[in-house]
Amino acid sequence: MRMMTFVVLATVAASSVAAEADYTKMWCAAQNGRVEVMLEDRTRADCITATHAVEVDFAPKWAEAIGQALHYARLTGKRAGILLIVGADEAHLLARLRATIAGACLPIDVWTVPR
């Protein structure tokens with residue numbers, strides 16, 4: 001399992017109240033991905049790259065992100081990914097995500113951006 005950290009682009013980092021969609025657009029564009037892709041079951045993947053189906057969520061929604069990422073990966077045939085938006089006091093939530101993925105041997109890659 002690969003764990004990666006992504007440096008937030010200045011425009012998102014400058015905003016203290018950036019929405020999930022702001023992080024999604026900036027990160028997905030940097031990955032040459034497509035944002036809000038409608039899938040065959042009418043769900044929308046936050047970002048589809050050449051290799052990954054990525055769910056973007058704030059740290060408190062880490063558990064939901066696992067299910068969504070796996071669902072999008074199943075429908076697209078791509079590897080599951082999660083971009084977790086982590087606040088200064090939310091490292092414990094990232095640790096829970098990583099422990100759950102590792103403990104269950106889930107095929108999910110994780111990237112983080114600071115909130």
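Is Trp111 buried or exposed, and what is its relative accessible area? I began this notebook with that residue, and I found Trp111 buried, with a relative accessible area of 9%. I note that the model is predicted.

**Entry 1: confidence**

I looked up the confidence before going further. The pLDDT of the chain averages 89, and 85% of the residues score at least 70. I then turned to residues 5-15, where the pLDDT is below 50. In the model this stretch has 16 contacts beyond near neighbours in sequence. I did not interpret these contacts further, because predicted coordinates should not be read in detail where pLDDT is low.

**Entry 2: aromatic pairs**

I searched for paired aromatic rings and recorded 2 aromatic pairs. The pair of Tyr23 and Phe58 is edge-to-face, with 6.0 Å from centre to centre and 85° between the planes. Tyr23 belongs to helix α2 (residues 20-30) and Phe58 to strand β4 (residues 52-58), so this pair ties together parts that are 35 residues apart in sequence. I found both Tyr23 and Phe58 to be buried.

I next examined Trp27 and Trp111. Their ring centres are 5.1 Å apart and their planes stand at 55°, so I entered the pair as tilted. It links distant parts of the chain, with Trp27 in helix α2 and Trp111 in strand β6 (residues 108-114), 84 residues apart. Trp27 counts as buried because its relative accessibility is 2%, and the cut-off for buried is under 20%.

**Entry 3: helix α2**

Which residues of α2 are buried? I listed Tyr23, Thr24, Trp27 and Cys28. Viewed down the axis of α2, these buried residues fall within an arc of 115°, so they line one face of the helix. Just after α2, I noted that Asn32 takes a positive phi of about 55°.

**Entry 4: nonpolar cores**

I then looked up the largest nonpolar core, which has 16 residues. Which of its residues touch the most other members? I recorded Ile82, Leu84, Leu97 and Ile108. At least two residues of this core come from each of α3 (62-76), β5 (79-86), α4 (91-103) and β6. The largest share is that of α3, with 5 residues.

I also found a second, separate core of 12 residues. Among its members are Ala18, Trp27, Cys47 and Trp111. Trp27 and Trp111, the two residues of the tilted pair, are thus entered again here as members of this second core.

Terms used: Residues are numbered from 1 along each chain as its sequence is written. This is a predicted model: local features need pLDDT of at least 70, side-chain atom pairs count only at pLDDT 80 or more; totals for chains, interfaces and linings use all residues. Side-chain values use heavy atoms; hydrogens and water are left out. Rings of Phe, Tyr and Trp (its six-membered ring) pair if their centres lie within 6.5 Å; planes under 30 degrees apart count as stacked, over 60 as edge-to-face and the rest as tilted. Helices (H or I, at least four residues) and strands (E, at least two) are DSSP runs, numbered from the N terminus. Buried means under 20% relative accessible area, exposed over 50%, partly exposed in between (1.4 Å probe, protein chains only). A nonpolar core is a set of buried Ala, Val, Leu, Ile, Met, Phe, Trp, Tyr and Cys residues joined through side-chain atoms within 4.5 Å. The arc is that of the directions from the helix axis to the C-beta atoms. pLDDT is the predictor's confidence in each residue, from 0 to 100. Contact means heavy atoms within 4.5 Å.
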